[in-house]
Structure formats: structure tokens, C-alpha cells
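Reader: I am new to this structure and would like to know what stands behind the words used for it. Please take me through them.

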Amino acid sequence: MAQSALAAPALLLHGGNLPGGESVSAADTLQERLAFDVHRPQYHFLPKANWVNDPNGPIFWKGYCHLFYQYSSTIFPQGPKYWGHARSKDMVHWEHLPMALAPTPGGPDKDGCWSGSAFINEGVPTLIYTGVLPQVQCLATSDDDMTTWKKFSGNPVVGSPPDEPAVTGFRDPSIWREDDSWLMTVGAGFQGKGGAVFLYSSRNLAHWDYLGPLFTAPPFERRDSARMPKYEPIGAGDMWECPDFFPLGQKHVLLVSSQGRVHYFVGTYSHRKFLAETQGLIDGCGLHYASKTFADGRGRRILWGWIREGRSKAAQNSAGWSGAISLPRVLSLASDGTLRMEPLPELAQLRGRRHRIMNSEVTGLLPVSGVRGSSLEIQLTLDPGEAKECGITVRRSPDAAEETVISYNAATQDIVLSGAHSSLSPEAIGGTYRTPLSLQSGELLRLTVFLDASVVEVFANGQACLTGRTYPTRSDSLEVGVFSREGRARVKSLEAFEMKAISRDRLTK
Ligand code: DQQ
């Protein structure tokens with residue numbers, strides 16, 4: 001089933017300079033162009049070329065973490081979805097493997113192999129995924145340690161949604177073992193009512209019984225569809241994609257992707273129903289979507305998501321690649337029952353040269369001399385003091401014509417990622433995103449910012465995350481500064497690390 005990931009569409013050249021100063025047009029193969037593309041990440045996972053969206057089926061098997069992902073060999077218009085496949089020993093460095101799943105002509109997945117999960121059934125690696133169209137659930141197994149995959153001859157194992165009124169979708173299975181049964185969730189919803197996660201059980205994986213909704217949307221999750229120009233179930237909150245359901249500490253967590261965001265619910269699972277107690281967002285930006293988690297065998301729950309692009313379709317086609325997988329996040333529960341998220345500690349092995357400043361007062365802009373770049377991890381601990389707003393500006397040109405700003409607003413108690421001036425290119429969308437962050441009086445702002453070419457991932461006090469994109473046009477948009485507005489703030493410490501690439505060619509091979 002192997003296919004060349006480099007079967008790319010005809011590409012227009014993409015602007016930018018090579019490290020040696022030559023222009024990109026000097027690079028003549030697609031692989032070279034991608035390897036020198038200044039916007040293509042150096043340490044985030046992405047396929048060799050073309051399109052990636054949802055992470056699928058992360059799983060540990062024989063010393064490797066396997067990660068699958070939604071792949072298309074064209075960007076816009078999109079082709080049918082395949083399951084791409086990679087593996088890693090440390091969840092940081094990745095090795096591409098042959099495509100795991102491709103649509104079978106005339107089969108239940110003839111129009112695409114959509115998202116799903118991986119699990120081990122009596123020692124056999126198994127995938128459960130959605131075949132389209134219509135949306136049905138299918139199985140595939142591997143008997144050679146996940147190198148190749150064979151589809152189950154009895155596919156689809158669930159050939160239609162349950163007999164419920166006005167079901168909006170039926171996809172993205174996730175699975176776990178409970179006593180002597182397999183339990184499966186499927187993303188769904190009811191038109192005009194809200195999202196839902198359907199629950200099924202099976203003893204043999206081939207025959208499934210519908211047990212009813214595990215969880216349905218609380219009313220505040222719906223948008224008034226009457227005001228939408230055209231009804232669209234995901235946007236309205238009437239369809240939940242990519243449900244992921246797992247135990248964490250003494251609680252259970254449900255993730256669903258809808259309305260452009262990944263929503264989490266923490267609560268109690270009993271008698272095959274889920275009762276939510278708290279809820280929040282996995283990421284305040286709409287650019288992190290379709291999160292998927294797994295238990296890493298060391299007691300940790302790790303989450304990945306799809307990082308969308310923030311530029312025009314034409315620019316994505318022209319670049320020859322689109323999308324990336326987020327850095328792995330470690331999940332835990334806070335004492336108030338909300339979710340905490342921290343970057344995977346293993347990422348620290350990518351840290352190179354370190355820069356540090358301590359105890360500096362900030363009024364206005366404090367340029368951080370010596371710290372520049374597009375591949376950095378920055379850890380900033382800031383005392384907001386009396387400042388109305390404070391934070392950090394990155395990918396900044398010396399004249400501030402381009403900059404990406406991450407700020408904490410004490411009055412509104414939120415954290416904002418502003419891409420309004422991140423690029424002079426009309427192709428960049430440059431949105432501004434905010435998410436709640438409440439600091440207690442005297443509490444310090446603790447930001448970890450990962451810059452990786454066009455990707456910006458922000459972790460704030462372990463409580464809130466923002467993922468954005470930045471596509472500066474200028475080769476000097478590399479500066480970093482700390483700032484405060486309307487009052488003084490204090491940098492307790494700022495540590496910045498130059499980050500090493502995870503491959504010599506930006507994973508193009
Ligand atoms: N993407 C997949 C679907 C899923 C959606 C198709 C979420 O299975 O619902 O590529 O991004």
C-alpha cells in the first residue's frame with residue numbers, strides 16, 4: 001500500500017531565502033524546496049509533503065510510538081484521505097513509514113479512510129476508522145509489526161448510524177476495553193439539538209450493539225443556527241468530531257472537536273454514561289483541532305492535535321505542504337477539576353544554546369538582546385505588577401513592521417495571541433485569539449513559547465494554550481522583546497533555547 005508522498009501537485013515557487021543567502025528558486029526539486037522553506041517547521045512532525053490533518057491512532061508497540069494521520073496527496077482541492085504513518089522512540093524524532101491505509105475502490109472506504117484509533121486485540125495491532133461515503137466504521141489489522149495493514153473482509157462493522165432522529169454525522173471511532181467487551185465511541189449529533197457521542201459495545205469487534213449516547217451537548221454548546229448564513233452542523237455545534245474518552249486521575253475526560261475548537265469535559269463515568277463537571281478548551285485558537293490522546297505506558301496521557309495553516313489556499317498549494325502535528329502535551333488534572341497541559345519533557349533534548357536574563361524591570365518594550373530566531377523555546381516568568389497588559393513579542397522586525405504578540409490582560413483575565421501584524425503578506429490571515437487565564441493576586445505569569453518556523457505554540461501557567469501561525473516576509477523578523485503597557489512589570493526570568501531540528505531535511509524524506 002506504499003505510495004509516494006511526494007506525488008505532489010505542480011508547484012509554484014515559494015518565496016524566501018536559503019540559509020546561504022541564495023534565493024529559493026535555486027532549489028530545483030520539490031524536496032529541496034520544502035527542505036529550505038522558511039515557513040516549514042524544523043521540530044514539529046509533518047509528512048514528507050502535501051496535506052496532513054487529524055492525528056489518528058497513537059499507540060505504543062514494541063518500543064515505538066506509532067502515530068497515524070489524515071493525509072491527502074493534494075492540498076486544495078483535497079483528495080480522498082489516507083492514513084499516513086510514522087514512528088518514534090521518544091515522541092520527538094520521527095521516521096516516516098509507508099501509508100497505512102488507502103481507499104479501496106468499490107469498498108466501504110472508497111471515498112476516504114477518515115479518522116479513528118489503534119489498539120491491540122489479543123496481541124494483534126488493529127485500526128478502527130471511518131470509511132466514507134456514507135460514514136461507516138471499518139477495521140484493519142497488521143501481522144508484521146504495523147508495517148502493512150490488511151482490511152477486515154467483513155467491513156463495515158457498523159454500516160449505518162443508530163436509529164436516532166436527525167443524526168448529523170457518524171465518524172471517528174475511539175475504543176477501549178472494559179471487562180470482556182470492547183467499548184467504542186463515535187462522534188455524532190442531532191440537527192437542531194447539539195453534538196453527541198454515541199456508545200457501542202462488542203465482544204468480537206465484528207458485531208456491535210448500540211448502547212445510546214454516552215454524552216450529549218449541554219445547551220450552551222450550540223450556536224443559534226437560524227443566524228448562520230448556511231446551516232452547517234459542525235459550525236452550529238450539532239456535530240462532534242473526533243471524540244476521545246479516557247480516564248485521568250480519579251476522573252474521566254471527554255474531548256470533542258466542534259465549532260473549530262477542541263472542547264474538553266472532565267467528569268464521572270458510570271453505568272455507561274458520562275456526567276460532565278467542568279469544561280474548557282484544549283486551545284484558545286482555532287488552529288489546533290482534532291486532538292487525539294493515548295496512554296504512554298508510563299502513566300502519562302499525551303495529546304496531539306492538527307495545526308492548521310493560517311494562510312490562503314493559494315499559498316498552501318504554492319508551498320506544496322499544509323498542516324503539522326502539534327508538540328505532544330502531557331495532561332493532568334488541576335485541583336479545581338480543570339485540565340492542565342504541559343509540553344512533553346522529552347522535548348528538552350532539542351535545546352541548544354541557552355540565553356538567560358533575570359530580574360529586569362519592564363516599562364514599554366524591553367528588547368531581549370542576544371535572543372533571536374525562528375526556532376526557539378522561550379520560558380518567561382513575568383510579574384505583571386501594576387501593568388494593564390504585559391507579555392512577549394516574537395518574530396519581530398527591528399522596525400516592528402512585523403511581529404507576533406502574546407499578551408496577558410489583567411483586566412479581562414485572558415491571554416491573547418495576536419497575529420494582526422505578524423506578516424506583511426496579503427496571503428497571511430493573521431487572526432487574533434484569546435483564551436481565559438485567571439491569575440490570583442501576586443501570581444506570576446509563566447509562559448512557555450515554542451517558535452518553529454510558521455508555528456507558534458504557547459503554554460500559559462499550565463492552564464491555557466494558544467497555537468498560532470506566523471508567516472513573516474522579512475528575513476530580519478527574528479527579534480524577541482518583553483513588554484508592559486500602562487504600568488510596570490518585572491521579568492523574573494527569561495530563558496531561551498535555540499532548538500535543534502529533528503531531521504536534516506525538515507522530514508521531507
Ligand atoms: N477530519 C476527518 C474526519 C474528522 C475530521 C477527515 C476532523 O474523520 O471528523 O479527514 O478534522
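Author: Start with pairing: two strands pair if DSSP finds at least two bridges between them. Keep in mind that this is a predicted model. In it, threonine 141 stands opposite lysine 150 in strand 8.

Reader: What makes strand 7 and strand 8 a pair?

Author: The cut-off is at least two bridges. Strand 7 (residues 136–141) and strand 8 are joined by 2 bridges and run antiparallel, so by that cut-off they pair. They belong to an open, antiparallel sheet of 4 strands in the order 5-6-7-8. Its edge strands are strand 5 and strand 8 (150–151), and each of these pairs on one side only.

Reader: Why are strand 4 and strand 19 said to stand at the edges of their sheet?

Author: That sheet is open and mixed, with 5 strands in the order 4-3-2-1-19. Strand 4 (95–101) and strand 19 (321–322) each have a single partner strand, so one side of each has no neighbour in the sheet. Further in, strand 2 (residues 64–72) and strand 3 (residues 82–88) run antiparallel and are joined by 7 bridges. There, tyrosine 69 stands opposite glycine 84 in strand 3.

Reader: Which residues count as being around the ligand?

Author: A residue counts if one of its heavy atoms lies within 4 Å. Those that pass are Asn53, Asp54, Gln70, Lys81, Trp114, Ser115, Arg171, Asp172, Glu241, Cys242, Tyr289 and Trp306. They divide into 4 nonpolar, 3 polar and 5 charged.

Reader: What makes the approach of glutamine 70 to the ligand a polar contact?

Author: The limit for a pair of N or O atoms is 3.5 Å. A polar side-chain atom of glutamine 70 lies 2.6 Å from an oxygen atom of the ligand, so the pair is within the limit. For lysine 81 the distance from a polar side-chain atom to a ligand oxygen is 3.3 Å. Serine 115 uses a backbone N or O atom, 3.1 Å from an oxygen of the ligand. Of the 310 Å² of accessible area that the ligand has on its own, the protein covers 93%. Strand 1 (50–61), strand 5 (113–121), strand 9 (171–178) and strand 13 (241–248) each give two or more residues to the shell.

Reader: How do you know that cysteine 113 is in no disulfide?

Author: Two cysteine sulfur atoms must be within 2.5 Å. The count by this rule is 0 disulfides. For cysteine 113, the nearest cysteine sulfur belongs to cysteine 138 and is 7.7 Å away. Cysteine 285 is in no disulfide either, with the nearest cysteine sulfur, that of cysteine 465, 10.0 Å away.

Reader: Why is cysteine 285 called buried?

Author: Buried means under 20% relative accessible area. Cysteine 285 has 0%, so it is buried. Cysteine 113, at 0% relative accessibility, counts as buried. Arginine 490, in strand 32 (residues 479–499), is at 28% and therefore counts as partly exposed.

Reader: What makes strand 31 largely enclosed?

Author: Of the 6 residues of strand 31 (residues 464–469), 6 are buried, so the rest of the structure largely encloses it. Ala464, Leu466 and Gly468 point one way and Cys465, Thr467 and Arg469 the other. Side chains in a regular strand alternate between the two faces of the sheet. Strand 30 (residues 455–460) runs antiparallel to strand 31, with 6 bridges joining them.

Note on methods:
Residues are numbered from 1 along each chain as its sequence is written. This is a predicted model: local features need pLDDT of at least 70, side-chain atom pairs count only at pLDDT 80 or more; totals for chains, interfaces and linings use all residues. Side-chain values use heavy atoms; hydrogens and water are left out. A polar contact is a pair of N or O atoms within 3.5 Å; within protein, one must be able to donate a hydrogen and the other to accept it, and residues adjacent in sequence count only if both atoms are side-chain atoms. Accessible areas come from the Shrake-Rupley method with a 1.4 Å probe; for residues, only the protein chains shown count as cover. Ala, Val, Leu, Ile, Met, Phe, Trp, Tyr, Cys and Pro count as nonpolar, Asp, Glu, Lys and Arg as charged, and the others, Gly among them, as polar. Buried means under 20% relative accessible area, exposed over 50%, partly exposed in between (1.4 Å probe, protein chains only).
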